[in-house]
Amino acid sequence: MTSVEENPVFDELTRQRTKEIVARYPQSRSALLPLLHLVQSVEGHVSQDGIRYCAEALELTTAEVSAVATFYTMYKRTPCGEHLVSVCTNTLCAALGGDAIYGRLKEKLGVGHEETAGEPGTPGSLTLEHAECLAACDLAPVIQVNYEYFDNQTVESAEDLVDALQRGERPAPTRGAPLTDFKTVELELAGVFPDLERSVEGPSVSPETVRGAQLATERGWVAPAMPDAPPAFPALPEKK
Ligand code: FES
């Protein structure tokens with residue numbers, strides 16, 4: 001196996017960005033999560049070399065880095081496509097069509113969970129995954145592409161979406177920043193924004209999500225005042 005120093009994947013720019021990320025934290029080990037995203041921005045996944053790179057940079061063991069990289073689903077252990085397509089199949093999305101969408105995309109792309117249609121990293125390649133709740137239940141069923149939202153999907157709109165991605169197009173998400181690719185978003189998740197203006201462009205909320213707050217404002221509804229002191233817990237029965 002190539003040593004981290006010899007591995008051309010981790011070039012000078014990545015090493016410089018690593019230093020900047022580590023410098024943000026009082027304790028270097030706190031930089032592990034962004035550093036794993038930085039590795040993904042270079043490799044398109046977290047390889048064994050990536051694990052060793054993080055371990056060396058943060059003076060951790062490879063076992064400690066592996067434990068984190070394998071715990072969180074956002075860290076991918078096999079190479080991803082140009083785009084990561086996440087279909088929510090949690091309860092509400094599933095009931096409203098998420099299961100049907102995931103089933104159709106699996107069939108259409110000929111891949112299963114965390115598998116890639118096309119050569120990973122090449123234009124138009126897509127990694128498919130089913131995801132737990134994407135925190136947009138009011139807009140179910142929901143798909144994310146590189147973590148950008150495509151709300152209120154149907155089987156047909158989901159098929160159109162992956163067709164467009166495979167043709168090399170970048171359809172506009174329902175909200176959030178314009179679509180880029182998996183590696184660019186991983187760089188942003190590492191806290192590095194070469195194009196900050198583009199990264200924060202686009203609507204951040206949907207009308208459905210803020211409707212309740214709008215109604216409350218129109219009707220003058222306010223939340224009850226907070227009590228001065230929190231209510232006391234009832235006393236526990238004495239042990240006999
Ligand atoms: S169940 Fe799909 S976003 Fe919550």
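The following paragraphs lead through a predicted model of a single chain, from its overall make-up to a few of its local features.

The chain has 240 residues, of which 43% count as buried, and its secondary structure consists of 9 helices and 5 strands. Read from the N terminus, these elements follow the order α-α-α-α-β-α-β-β-β-β-α-α-α-α, and the C-alpha trace spans about 65 × 55 × 45 Å along its principal axes. When contacts between residues at least 6 apart in sequence are considered, 65% of them join residues that are at least 24 apart. The chain exposes about 13,500 Å², and carbon and sulfur atoms supply 57% of that area. As for charge, there are 20 positive and 36 negative side chains, with the centres of the two sets 4 Å apart.

The interior can be taken up next. In soluble globular proteins, nonpolar side chains tend to be buried together. The largest nonpolar core of this model holds 22 residues, and those that touch the most other members are Ile 21, Leu 32, Leu 36, Cys 54, Leu 58 and Val 65. Two or more residues of this core come from each of helix H1 (12–22), helix H2 (32–43), helix H3 (48–58) and helix H4 (62–71). A second core, separate from this one, is made up of 18 residues, among them Leu 105, Leu 109, Phe 150 and Leu 179. Within the largest core, Leu 36 is one of the residues with the most contacts to other members; leaving aside residues up to four places away in sequence, Leu 36 touches Val 46, Cys 54, Val 65, Val 68, Ala 69 and Tyr 75.

Helices H1 and H2 appear again in the surroundings of helix H7, whose buried residues pack against H1, H2, strand S1 (83–88) and helix H8 (196–199). Helix H7 covers residues 182–189, and its buried residues are Phe 182, Val 185, Glu 186, Leu 187 and Glu 188. The N-terminal end of H7 is capped by Asp 181, which places a side-chain oxygen 3.2 Å from the backbone nitrogen of Lys 183, while after the helix comes Gly 191, with a positive phi near 90°.

Several backbone features occur in the loops around strand S4. In the loop between strand S3 (126–131) and strand S4 (143–145) lies Pro 141, and the peptide bond leading to Pro 141 from Ala 140 is cis, with omega near -5°. The loop between S4 and S5 contains Asn 146 and Tyr 147. Asn 146 has a positive phi of about 50° although it is not a glycine, and Tyr 147, likewise a residue other than glycine, has a positive phi near 75°. Asn 146 counts as buried because its relative accessibility is 1%, and Tyr 147 also counts as buried, at 18% relative accessibility.

Beyond strand S5 (148–150), in the loop that leads to helix H6 (155–166), lies Gln 153. Gln 153 is buried, with a relative accessible area of 11%, and its side chain has polar partners on both the backbone and side-chain level: a polar atom of this side chain lies 3.1 Å from the backbone oxygen of Asp 151, and the side chain also makes a polar contact of 3.0 Å with the side chain of Ser 157. Not counting residues up to four places away in sequence, Gln 153 touches Ile 101, Pro 141, Ile 143, Ala 158 and Leu 161, and Pro 141 in this list is the residue that follows the cis peptide bond.

Terms used
Residues are numbered from 1 along each chain as its sequence is written. This is a predicted model: local features need pLDDT of at least 70, side-chain atom pairs count only at pLDDT 80 or more; totals for chains, interfaces and linings use all residues. Side-chain values use heavy atoms; hydrogens and water are left out. Helices (H or I, at least four residues) and strands (E, at least two) are DSSP runs, numbered from the N terminus. Buried means under 20% relative accessible area, exposed over 50%, partly exposed in between (1.4 Å probe, protein chains only). Contact means heavy atoms within 4.5 Å. Accessible areas come from the Shrake-Rupley method with a 1.4 Å probe; for residues, only the protein chains shown count as cover. Lys and Arg count as positive and Asp and Glu as negative; His and the chain ends are not counted. The place of a charge is taken as NZ of Lys, CZ of Arg, CG of Asp or CD of Glu. A polar contact is a pair of N or O atoms within 3.5 Å; within protein, one must be able to donate a hydrogen and the other to accept it, and residues adjacent in sequence count only if both atoms are side-chain atoms. A nonpolar core is a set of buried Ala, Val, Leu, Ile, Met, Phe, Trp, Tyr and Cys residues joined through side-chain atoms within 4.5 Å.
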